[in-house]
Amino acid sequence: MTEFSDKLRRRFKVNEAASEPASPLQDRLGPSPAAEFLRRRLLRRAPPKTKVALPVGEDLENAGGRCFVRRLRYPLAIAHGDHLLASARTLDRERLAILAKDPTAAHLEVDRCLFLDTETTGLSGGAGTIVFLCGVAWFDGDDLVLEQIFLRAFAEEEAALLRVAEHVAARPHLVTFVGKSFDRHRLASRMAMHRIVTDIVRMPHLDLYHLARRVWRDRLPDTRLRTVEQSILGVHRSDDLPGAEAPAAWLSWIDDATGPVDRVFEHNRLDVLSLVTLLGALARA
């Protein structure tokens, strides 16, 4: 009987797999190629993404509306890498003026400096580049205060830029890393869009990238901030989100709150702290 059944299957080309009971999903979708493709897609469906919460902060309200602000305070006696934050307060100003090729740097008052770093939606520049996170820091007595101003939505841009403009007006000497060619121009173009008056392009500006290049270009393979951090400052980041991935993280967070903006905050925080200790390392008395 078995041989006869086998002959019948071969004669009528009956597929053995077809005799297997169909799954409930196959019953619903039927045997068509399109249904089989859909079945495979359903089985491979990715698990839902995890929502990402912002760090602890507060709403800031001003004439431009609302934005999100995170404020941190660090005693100057703590270290960032191998250097104390207090190192930036003990400067050889004559050395600093020579390195900066700017005689006015000999009169730098570090308590009037604003350390600044931005995260933007692109590196190409232009009025369409949004500054979605701006980190600023300044000395306040025996502490360093670090503030991060963040856009939770495009509608919060004016309020955030007004807050940055307040800091720039209160501390009229910028300290950045590549800020002369990038950060200040991105902020200035967006402030102009909102008719916010600022001197950010004309104010005294110490760009530490140029100083680092003059001091360490023959010693280091390059003078990017990460290289200088590891070789000079003793700062070694773990699980750092590359700056190039920050725009996608923010746009994803704006879309469905799943982009890793918590890692963008951490990346920016470390950048700003490195500005402070790098100034001390470059102009140590």
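## Phe150 and its ring partners

In this predicted model, Phe150 has a relative accessibility of 1% and therefore counts as buried, the limit being under 20%. Phe150 belongs to strand β7, which spans residues 143-150.

A search of the whole structure returns seven aromatic pairs. One of these joins Phe150 to Trp253, with 5.6 Å from centre to centre and 70° between the planes, an edge-to-face arrangement. Trp253 is located in helix α9 (residues 246-256), 103 residues from Phe150, and the contact thus connects distant parts of the chain. Trp253 has a relative accessible area of 13%, and because buried means under 20%, Trp253 is also classed as buried.

## The contact with Phe265

Phe150 also pairs with Phe265: the ring centres are 5.1 Å apart and the planes meet at 50°, so this pair is tilted. The classification follows because 50° is neither under 30 degrees, as stacked requires, nor over 60, as edge-to-face requires. Phe265 lies in helix α10 (residues 261-282), 115 residues from Phe150 in strand β7, and this pair likewise links distant parts of the chain.

Phe265 has a relative accessibility of 1% and so counts as buried. Ring pairs bring Phe68, Phe150, Trp253 and Phe265 together in a cluster.

## A charge over Trp138

A contact between a charged side chain and an aromatic ring is found at Trp138, where Arg171 lies over the ring face. The distance from Arg171 to the ring centre of Trp138 is 4.3 Å.

## The internal cavity

Rolling a probe the size of a water molecule over the atoms shows where empty space is left. For this model, the count comes to one cavity of 30 Å³ or more. The volume of the largest cavity is about 60 Å³. Two elements each give two or more residues to its lining, namely strand β6 (131-140) and helix α5 (157-170).

The lining of the largest cavity consists of Val131, Phe132, Leu133, Cys134, Ile149, Leu151, Glu157, Ala160, Leu161, Val164 and Leu187. By class, this lining has 10 nonpolar residues, no polar residues and one charged residue. The charged residue is Glu157, because Glu is counted in the charged class.

Technical notes:
Residues numbered from 1 in each chain as written. Predicted model: local features only at pLDDT ≥ 70, side-chain atom pairs only at ≥ 80, totals over all residues. Heavy atoms only, no water. 1 Å grid on protein atoms, 1.4 Å probe; cavity = no way out; pocket = protein on both sides within 12 Å on 5 of 7 lines; lining within 4 Å. Points joined across faces, edges and corners; volume = space filled by probe spheres on them. Helix = DSSP H or I, 4+ residues; strand = E, 2+ residues; numbered from the N terminus. Phe/Tyr/Trp six-rings, centres within 6.5 Å; stacked < 30°, edge-to-face > 60°. Buried < 20%, exposed > 50% of the residue type's maximum accessible area, 1.4 Å probe, protein only. Lys NZ or Arg CZ within 6 Å of the ring centre and 35° of its normal.
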